[in-house]
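This briefing goes through a single protein chain, beginning with the confidence of the model and then turning to the sheet and the pockets. Please read it alongside the sequence and the coordinates.

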Amino acid sequence: MAERADDGGHGRFLDDAAARGLAVDVAERARAKSLEEAAAILGIEPREIVKSLVVKHPDGSFLFALIPGDRQISWPKLRKLLGVNRLSMPPAHVALEATGYERGTITPLGSTTAWPVYADESISRRISMGAGAHGRSAFVDAGELFRSLGATVADISDPL
């Protein structure tokens with residue numbers, strides 16, 4: 001995928017979504033200091049924002065965990081699903097190297113490496129997620145997103 005000089009990660013995001021035939025609507029918004037602030041700016045509930053978390057596997061590879069904004073990753077559930085004893089969140093610079101995206105802009109769409117995607121089963125309907133650049137949010141149908149990414153959908157979160 002060619003990176004657009006004028007919009008970097010956002011261009012990769014758009015190109016990948018188009019290549020997958022995935023309909024996305026992008027909203028430009030003020031840069032938010034928190035997920036709750038981003039939800040308020042977008043006029044949606046925090047649960048409608050899906051966080052794309054980069055997780056490091058013990059074998060040195062990575063995966064994406066998609067978690068609703070009002071929930072947190074459940075390490076025991078994810079470890080059990082993957083059959084491993086240890087998982088971790090890499091430092092910001094490692095997540096950037098693994099995906100091509102800075103924290104706050106991470107999305108599986110347009111990642112420089114197509115890591116496996118695991119999505120929490122509570123995510124449904126139209127959601128908002130990172131669009132590869134600060135100040136931009138994408139709206140997409142969760143089911144279509146999961147199908148296009150070949151995501152594994154399972155119970156991988158807990159309430160905050």
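The model is predicted, and its chain averages a pLDDT of 94, with 96% of the residues scoring at least 70. An open sheet of seven strands is described below, followed by the largest pocket, with a volume of about 570 Å³, and the second largest, with a volume of about 180 Å³.

**Confidence**

- Over residues 1-6 the pLDDT stays under 50, and for this stretch the model has nine contacts beyond four places in sequence.
- Where pLDDT is low, the predicted coordinates should not be read in detail.

**The sheet and its helix**

- The seven strands of the open sheet follow the order β1-β7-β6-β2-β3-β5-β8, and their pairing is mixed.
- Because β1 (25-28) and β8 (152-154) stand at the edges and each has a single partner strand, one side of each is left without a neighbour in the sheet.
- On average, and with direction ignored, neighbouring strands of this sheet are turned by 30° against each other.
- Strand β5 (residues 117-120) and β8 run parallel and are joined by three bridges; D120 has A154 of β8 as its bridge partner.
- Helix α1 (residues 8-19) packs on the sheet, where it touches β1, β6 and β7, and the direction of α1 makes about 160° with that of β1.

**The largest pocket**

- The largest pocket, whose volume is about 570 Å³, is lined by 28 residues, of which L35, K51, R103, G104 and T105 are the closest to its centre.
- At least two residues of this lining are supplied by each of α2 (35-42), β2 (49-56), β6 (126-130) and β7 (136-141), and the largest share, six residues, comes from β2.
- By class, the lining of the largest pocket divides into 13 nonpolar, nine polar and six charged residues.

**The second largest pocket**

- The second largest pocket has a volume of about 180 Å³, and its lining is formed by R47, E48, P68, D70, S122, I123, S124, R125, R126 and I127.
- Five charged residues, three nonpolar and two polar ones make up the lining of the second largest pocket.

Key: Residues numbered from 1 in each chain as written. Predicted model: local features only at pLDDT ≥ 70, side-chain atom pairs only at ≥ 80, totals over all residues. Heavy atoms only, no water. 1 Å grid on protein atoms, 1.4 Å probe; cavity = no way out; pocket = protein on both sides within 12 Å on 5 of 7 lines; lining within 4 Å. Points joined across faces, edges and corners; volume = space filled by probe spheres on them. Helix = DSSP H or I, 4+ residues; strand = E, 2+ residues; numbered from the N terminus. Nonpolar A, V, L, I, M, F, W, Y, C, P; charged D, E, K, R; others polar. pLDDT = per-residue confidence, 0-100. Contact = heavy atoms within 4.5 Å. Pairing = 2+ DSSP bridges. Axes fitted to C-alpha atoms, helices over the stretch in contact; angles between N-to-C directions.
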